[in-house]
Amino acid sequence: MGLEVKGLGENITPPPQEHRMTRYGSGWHVASTEIISSYRAFSREKIVAELGAFIGLGHVNITLRASPIHNWTEDIDFNERFSWLGSGEMGLCYREALVRGLPFPILTVAEYFSLGQEGFTWGGQYRAAGYYGAILLWASFAMWLLMNLMLVVVPRYGAYSMMVTGVLLVSTDLVYYSLLPLNPLLVRFEGSTLTFSLGWCFWLVLTAAMLRLSPSRPPSHKIGFKLELDRAKGLKAEFFKPGSAEPLGTTASLAL
């Protein structure tokens, strides 16, 4: 017996792509500026380049791209990732970068995240913010799975789960923002400063949360009532013949 519940499929949301994008993306706290700096430490050769730092929940991507003008070379184009999932992983990545001989601007930015002493606490604070932000982001994904299950089994609870998913997404942003360094990270170069601001991952999570908590959506109890009403209509259409008040079950038993 196939039962079709009208309107139910319309309320089951597709997989939340914002979860994957923001969990592994590098756009939570970002900075970018044009710098004039030595390419190697203690070198007199200067380069004009675009330097960027893009912080994710468990890593930082540092980019360096030479400007096409006022440079002795245009082959400088780096995009290096430094992870801090483990307690000592950032320091290990920094030592590997030293061995590889990465450009001086990249090493300068990475050093601010690798040290955990003498006031260089930004790495630990960003690691804590990413750790708790990732936990809440995974919790919102689990609640999204539960929401889709409840929309099929108990539609009213599915509507409530949608609201809880939005609350968890808002909590992700609030916890991440509250754990950011109170002393903002400023990386100074010759004539410029790398200043960080909230990136697209932060705003994407907030937007997804607002969509689930938007007052333009029907209230959760009305969504649940509509789905339950559609289910009841589907059951009635299944067990009764069109144009007859006699249930299908009764007809079948008489035929036997």
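UniProt, in an unreviewed entry, places the feature "transmembrane region" at residues 129-147, 159-179 and 191-213. The structure discussed here is a predicted model. Its secondary structure amounts to nine helices and seven strands. The chain has 256 residues, and 43% of them count as buried. Among contacts with a separation of 6 or more, 66% join residues 24 or more positions apart.

**Annotated segments**

- In the model, residues 129-147 are 100% helix and 0% strand. The C-alpha atoms at the two ends of this segment are 27 Å apart.
- Residues 159-179 are 95% helix and 0% strand. Here the end C-alpha atoms are 31 Å apart.

**Nonpolar core**

- The largest nonpolar core contains 47 residues. Phe82, Val109, Phe113, Tyr126 and Tyr176 have the most contacts inside this core.
- Helix α4, spanning residues 104-114, gives the most to the core, with six residues.
- Val109 is in contact with Leu51, Ala53, Ile62, Val187, Phe189 and Leu194, once neighbours within four places in sequence are left aside.

**Helices α3 and α4**

- Helix α3 covers residues 89-100, and its axis comes within 9 Å of the axis of α4. The two axes cross at roughly 155°.
- Angles over 145 degrees count as roughly antiparallel, so α3 is roughly antiparallel to α4.
- The crossing of α3 past α4 is left-handed.
- On the α3 side, the contact is made by Met90, Gly91, Tyr94, Ala97 and Leu98. On the α4 side, Leu107, Ala110, Glu111, Phe113 and Ser114 take part.
- Phe113 therefore appears in two roles: among the residues with the most contacts inside the largest nonpolar core, and in the α4 contact with α3, within a pair that is roughly antiparallel.

**Helices α2 and α5**

- Helix α2 (residues 17-24) and helix α5 (residues 122-153) have axes that come within 10 Å and cross at roughly 165°.
- Because that angle is over 145 degrees, α2 counts as roughly antiparallel to α5.
- α2 also passes α5 in a left-handed crossing.
- The residues of α2 that make the contact are His19, Thr22, Arg23 and Tyr24. Those of α5 are Ala134, Leu137, Trp138 and Phe141.

**Trp138**

- Trp138 lies in helix α5.
- Its relative accessible area is 40%, so Trp138 is partly exposed.
- Leaving aside neighbours within four places in sequence, Trp138 is in contact with His19, Arg23 and Tyr24. These three residues are also on the α2 side of the contact between α2 and α5.
- Trp138 and Arg20 are 118 residues apart in sequence, with a C-alpha to C-alpha separation of 9.8 Å.

**Phe78**

- Phe78 is in strand β4, which runs over residues 77-83.
- Phe78 counts as partly exposed because its relative accessibility is 21%, and buried means under 20%.
- Not counting residues up to four places away in sequence, Phe78 touches Tyr39, Ile62, Thr63, Leu64, Leu102, Pro103 and Ile106. One of these, Ile62, is also in contact with Val109.
- The C-alpha atoms of Phe78 and Arg65 are separated by 6.4 Å, and the two residues are 13 apart along the chain.

Conventions. Residues are numbered from 1 along each chain as its sequence is written. This is a predicted model: local features need pLDDT of at least 70, side-chain atom pairs count only at pLDDT 80 or more; totals for chains, interfaces and linings use all residues. Side-chain values use heavy atoms; hydrogens and water are left out. A nonpolar core is a set of buried Ala, Val, Leu, Ile, Met, Phe, Trp, Tyr and Cys residues joined through side-chain atoms within 4.5 Å. Buried means under 20% relative accessible area, exposed over 50%, partly exposed in between (1.4 Å probe, protein chains only). Helices (H or I, at least four residues) and strands (E, at least two) are DSSP runs, numbered from the N terminus. Contact means heavy atoms within 4.5 Å. UniProt positions are given in the numbering used here, feature names are shortened, and annotations may be inferred rather than shown by experiment. Axes are lines fitted to C-alpha atoms, for helices over the stretch in contact, and angles run from 0 to 180 degrees between N-to-C directions. Angles under 35 degrees count as roughly parallel, over 145 as roughly antiparallel, 65 to 115 as roughly perpendicular and the rest as oblique. A crossing is left-handed if the near helix is turned anticlockwise from the far one by less than a right angle, and right-handed if clockwise.
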